[in-house]
Amino acid sequence: MTTLAIDDKREFRRLYAPGREPELVEVPRMPFLMVDGTGDPNSAPAFQAAVEALYAASYGLKFTIKRGATGADHVVMPLEGLWSVPGQTGYPDRDADGWRWTLMIRQPDEVTVTMAADAIHDAAVRKPLPAATRLRLEAFEEGPAAQIMHIGPFNEERPTIERLMAFIESQGLEPTGRHHEIYLSDPSRTAPERLRTILRHAVR
């Protein structure tokens, strides 16, 4: 009998399967592998390097846990990104070369600092991954947030983001923190018009 891998997208379904209408959610404290950078994601080499390092270390942790005492098999979670531009609130819609981003992948709760350090080290020595040494394990708690599912190309997010911001205002709230995106689709395997991206913003 085949045992299904543990998939936190199912465990936290409300956070990873929103509808196409804006909604409010409470995002708890969760552990992530993270890496910071700057620049246009479409052209900055550092961006792709960060993605590769994150996935390498995340898969390393997956196999470490599976080989451990519990034998638990976890699905590697999707890539997420926090985005900002200095001096600007909300979605960074200008000066892509100046974008600041934090890329991150949620990790199982049992991942320790030592396990993460070992996985990062292994990722750095297994093949040339210059961004691996900049990875860190960090807890992130977004708290109350508004989110919506965007279906389509990344460069057509603006109308969906405007709907999300209008919803936040209609609830008597205001956005705080950084613009948050969760990439549920692999752009290399999915047609642009079918890409699924969760757009989220913390509120107060």
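Is Arg163 buried, exposed or partly exposed, and what is its relative accessible area? Okay, hi everyone, let's start there. Arg163 has a relative accessible area of 35%, so we call it partly exposed. Before I go on, please keep in mind that this is a predicted model.

So who does Arg163 talk to? Its side chain meets that of Glu21 in a salt bridge, 3.1 Å from N to O. These two sit in distant parts of the chain, 142 residues apart. Glu21 is in the loop between helix 2 and strand 1, and Arg163 is in helix 5, residues 158-170. Glu21 comes out as exposed, because its relative accessible area is 54% and the cut-off is over 50%.

The count of salt bridges comes to 12, and I'll show you a couple of others. Glu138 pairs with Arg136, with the closest N and O atoms 2.7 Å apart. Glu138 is partly exposed at 33%, and Arg136 is partly exposed too, at 26%. Then there's a network of salt bridges linking Asp7, Lys9 and Arg10. Within it, the side chains of Asp7 and Arg10 meet at 3.9 Å, N to O. Asp7 has 10% relative accessibility, so it counts as buried.

Okay, on to the aromatics. We get six aromatic pairs. One of them is Phe32 with Phe140: the ring centres are 6.2 Å apart and the planes are at 75°, so this is an edge-to-face pair. Again, the pair links distant parts of the chain, with Phe32 in strand 1, Phe140 in strand 4, and their positions 108 residues apart. Phe32 is buried, at 1% relative accessible area. Elsewhere on the slide, ring pairs join Phe47, Trp83, Trp99 and Trp101 into a cluster.

Here's a polar residue to look at: His179, in strand 5, residues 179-183. His179 is buried, with a relative accessible area of 1%. Its side chain has a polar contact of 2.8 Å with the side chain of Glu181.

Last topic, the cavity. The structure holds one cavity of 30 Å³ or more, and its volume is about 100 Å³. It is lined by 14 residues, and those closest to the centre are His74, Val75, Val76, Arg106 and Pro108. Helix 3 and strand 3 each give two or more residues to that lining, and helix 3 gives the most, with four. By class, we have eight nonpolar, three polar and three charged residues around the cavity.

That's my tour, thanks.

Key:
Residues numbered from 1 in each chain as written. Predicted model: local features only at pLDDT ≥ 70, side-chain atom pairs only at ≥ 80, totals over all residues. Heavy atoms only, no water. 1 Å grid on protein atoms, 1.4 Å probe; cavity = no way out; pocket = protein on both sides within 12 Å on 5 of 7 lines; lining within 4 Å. Points joined across faces, edges and corners; volume = space filled by probe spheres on them. Nonpolar A, V, L, I, M, F, W, Y, C, P; charged D, E, K, R; others polar. Phe/Tyr/Trp six-rings, centres within 6.5 Å; stacked < 30°, edge-to-face > 60°. Buried < 20%, exposed > 50% of the residue type's maximum accessible area, 1.4 Å probe, protein only. Polar contact = N/O pair within 3.5 Å; in protein donor to acceptor, adjacent residues only side chain to side chain. Salt bridge = Lys/Arg side-chain N within 4 Å of Asp/Glu carboxyl O.
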